[in-house]
Amino acid sequence: MITRYALFEGKVKDGQTEAFRAAVLNDILPKWKAFPGALDVRVTFADARDEGAPEIPMILAINYPDLATVETALASPARTAAKAATEEVLARFFDGRIHHHVTQANEFPL
């Protein structure tokens, strides 16, 4: 199985923490789930280091059965939609950067 990660590092804009979380779950996540062949799509939010701090590093992971499926997904219109949704949400709520799709090959049976 192949897992592709997008790592989000930065700071949620002041007062936007809950709106950001909701937008990720409602706007970003469904678009990534539409990737052809995606077996599992999940997102994790790290807790802020200081109580009340709006910093939320985030990891989005997508599992695929093999590299050929990854290549199909990356060439699909679904990728364009997912990227656009992500960029739009980040522009509204987030000051930071994304390390898109660090690929890790996992040798687990499906």
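This passage describes the fold of the chain, its helix packing and two residues in their surroundings. The model is predicted, so local features are restricted to pLDDT of at least 70 and side-chain atom pairs to pLDDT 80 or more, while totals for chains, interfaces and linings use all residues. Residues are numbered from 1 along each chain as its sequence is written, and side-chain values use heavy atoms, with hydrogens and water left out.

The protein chain holds three helices and four strands (DSSP runs numbered from the N terminus, with H or I over at least four residues for helices and E over at least two for strands). Along the sequence their order is β-α-β-β-α-α-β. Of the 110 residues, 35% are buried (under 20% relative accessible area with a 1.4 Å probe, protein chains only; exposed means over 50%, and partly exposed lies in between). Among contacts (heavy atoms within 4.5 Å) with a separation of 6 or more, 78% join residues 24 or more positions apart.

A good place to begin is helix α2, residues 67-74, where Thr69, Val70 and Ala73 are buried. These residues lie on the same side of α2, because they cover an arc of only 105° around the axis (taken from the directions from the helix axis to the C-beta atoms). The buried residues of α2 pack against β1 (2-12), β3 (58-64) and α3 (77-93). Leu67 and Glu71, both exposed, sit on the face turned away from that buried side.

Helix α1 (residues 17-33) packs with α3 at an angle of about 170°, their axes being 8 Å apart (axes are lines fitted to C-alpha atoms, for helices over the stretch in contact, and angles between N-to-C directions run from 0 to 180 degrees). The two helices α1 and α3 are therefore roughly antiparallel (over 145 degrees; under 35 is roughly parallel, 65 to 115 roughly perpendicular and the rest oblique). Residues making this contact include Phe20, Ile28 and Trp32 of α1 and Ala82, Thr86 and Val89 of α3.

Thr86 of helix α3 deserves a further look. Its relative accessibility is 1%, and Thr86 therefore counts as buried. Beyond its neighbours within four places in sequence, Thr86 contacts Phe8, Ile28, Trp32 and Ile98.

Phe8 also appears in the surroundings of Arg97, a residue of strand β4 (94-105). Although 89 residues apart along the chain, Arg97 and Phe8 have C-alpha atoms separated by 6.0 Å. Setting aside residues up to four places away in sequence, Arg97 touches Leu7, Phe8 and Glu9.
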